[in-house]
Amino acid sequence: MKNPVVSREEWLAARLALLEEEKQLTRRSDEIARRRQALPWVKIDKDYQFETEEGRASLADLFKGRSQLLIYHFMFGPDYKAGCPSCSAIADGFNGSVVHLANHDVTLIAVSRAPLAKLQAFKQRMGWTFPWASSFGSDFNPDFHVTFTEEQQRKGTIEYNYVHEELPPSGEVVSEGAKEFASMAGTDPASYARERPGISAFVLEDGIVYHTYSAYARGVDGIWAMYQWLDRAPKGRNEKDDVWWRRHDEYNN
């Protein structure tokens, strides 16, 4: 990067110009949040079942007495040996938020398809305390477009992030980053790519659960605390083609 070196006065003028744009972005973000909250609701008619630390639970049970539920769709398939490195980096920011959200009528929980015992072992390794449920054997993940089948891969019929995803006829993952993540998760690239990240929001009213919102892909950037900090660092995200991040217990320093 070849940033000019200027006087404090010149820097302040440039900073104030950027500040006005940042304020415009903040106001626009506030408006988008209002529109997000004004979306219509969809009644959940299916009886989804999960395995939790407290035992078998329905979707309504996951609210834990609160009226709002936020679910992070964590990529951890039944055949993974460890959680997705990207999802793990995102989840590192959950522990502190869970307590505050719980005291504002919101339950935050991660959901993955891996069996509960595998999730608990990884959760202990990572030192996490946020709740994590298994949707193994449930239609929950496919219904919310975060798990796909081998047949969908072969036929190229995956619908993710509200668009049809064009895949090679074999469904093979061609991204080197995805291949590296698959290796880090202890599975093959095709199996790794059948799980996807996302966020879904629900509300419980008069005993009925409604789906209110879901976001996928770059739509989860806003909760990835690491990137929010990097976007304010002098060199930004400073990424090339390599996958630079690891799970927090895998760095050498």
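## A guided tour from helix α2 outward

Begin by selecting Ile-90, which is placed in helix α2. The model is a predicted one. Ile-90 has a relative accessible area of 3% and is therefore buried. Which residues are in contact with Ile-90, leaving aside its neighbours within four places in sequence? They are Tyr-72, Val-220, Ile-223 and Trp-224. Add Trp-224 to the selection and display the C-alpha atoms: those of Ile-90 and Trp-224 are separated by 4.8 Å, although the two residues are 134 residues apart along the chain.

**The whole chain**

Zoom out to the full model and colour by secondary structure. The chain comes to nine helices and 10 strands. Taken along the principal axes, its C-alpha atoms fill a box of roughly 65 × 45 × 40 Å. The radius of gyration is 20 Å, which agrees with the value near 18 Å that a compact globule of 253 residues would have. Buried residues account for 39% of the 253 residues. Of the contacts between residues at least 6 apart in sequence, 62% join residues at least 24 apart. Switching to a surface representation shows an exposed area of about 14800 Å², of which carbon and sulfur atoms supply 54%.

**Helix α7 and its two faces**

Next, select residues 176-185, which form helix α7. Its buried residues are Gly-177, Ala-178, Phe-181, Ala-182, Met-184 and Ala-185. Seen down the axis of α7, these buried residues fall within an arc of 160 degrees, so they line one face of the helix. An α-helix has 3.6 residues a turn, so residues three or four places apart point the same way. Which exposed residues does the face turned away from the buried side carry? Select Glu-176 and Ser-183 to see them. To see what covers the buried residues of α7, show α2 (85-91) and α8 (189-193), which are included in that cover. Thus helix α2, where the tour began with Ile-90, returns here as part of the cover of α7. After α7 comes Gly-186, whose phi is positive, near 80 degrees.

**Salt bridges between distant parts**

Show the charged side chains as sticks. Side chains of opposite charge can pair when their charged atoms come close. The count of salt bridges comes to 17; the following stops visit several of them.

Stay with α7 and select Glu-180 together with Arg-246, which form a salt bridge with the closest N and O atoms 3.1 Å apart. Arg-246 lies in the segment after α9 and Glu-180 in helix α7, so the pair ties together parts that are 66 residues apart in sequence. Arg-246 is partly exposed, with a relative accessible area of 26%, and Glu-180 is also partly exposed, at 29%.

Now select Asp-143 and Lys-46, whose side chains meet in a salt bridge (2.9 Å, N to O). The pair links distant parts of the chain, 97 residues apart: Asp-143 is in helix α5 (residues 140-143), and Lys-46 is in the loop between β1 (42-43) and β2 (49-52). Asp-143 is partly exposed at 30% relative accessible area, and Lys-46 counts as partly exposed at 41%.

Then select Glu-53 and Lys-123, where the closest N and O atoms of the salt bridge are 2.9 Å apart. Glu-53 is in the loop between β2 and β3 (55-58), while Lys-123 is in helix α4 (residues 116-126), 70 residues apart. Are these partners buried or exposed, in whole or in part? Glu-53 counts as partly exposed at 47% relative accessibility, whereas Lys-123 is buried at 8%.

**The segment after α9**

Select Arg-125, Arg-247, Asp-249 and Glu-250, which are linked in a network of salt bridges. Move to His-248, which lies in the segment after α9 (225-230). His-248 is partly exposed, with a relative accessible area of 36%. Not counting residues up to four places away in sequence, His-248 touches Asp-92, Met-126 and Trp-128. The C-alpha atoms of His-248 and Met-126 are separated by 7.7 Å, with their positions 122 residues apart along the chain.

**A nonpolar patch on the surface**

For the final stop, return to the surface representation and select Val-6, Trp-11, Leu-12 and Leu-16, which make a nonpolar surface patch of about 370 Å². Trp-11 is found in helix α1 (residues 8-37) and counts as partly exposed, at 42% relative accessibility.

How values were computed:
Residues are numbered from 1 along each chain as its sequence is written. Side-chain values use heavy atoms; hydrogens and water are left out. Patches are made of residues with over 30% relative accessible area and no salt bridge: like charges are joined within 9 Å, nonpolar side chains (Val, Leu, Ile, Met, Phe, Trp, Tyr) within 5 Å. Accessible areas come from the Shrake-Rupley method with a 1.4 Å probe; for residues, only the protein chains shown count as cover. A salt bridge is a side-chain nitrogen of Lys or Arg within 4 Å of a carboxyl oxygen of Asp or Glu. Helices (H or I, at least four residues) and strands (E, at least two) are DSSP runs, numbered from the N terminus. Buried means under 20% relative accessible area, exposed over 50%, partly exposed in between (1.4 Å probe, protein chains only). The arc is that of the directions from the helix axis to the C-beta atoms. Contact means heavy atoms within 4.5 Å. The radius of gyration is taken over C-alpha atoms; the globule rule is 2.2 Å times the number of residues to the power 0.38.
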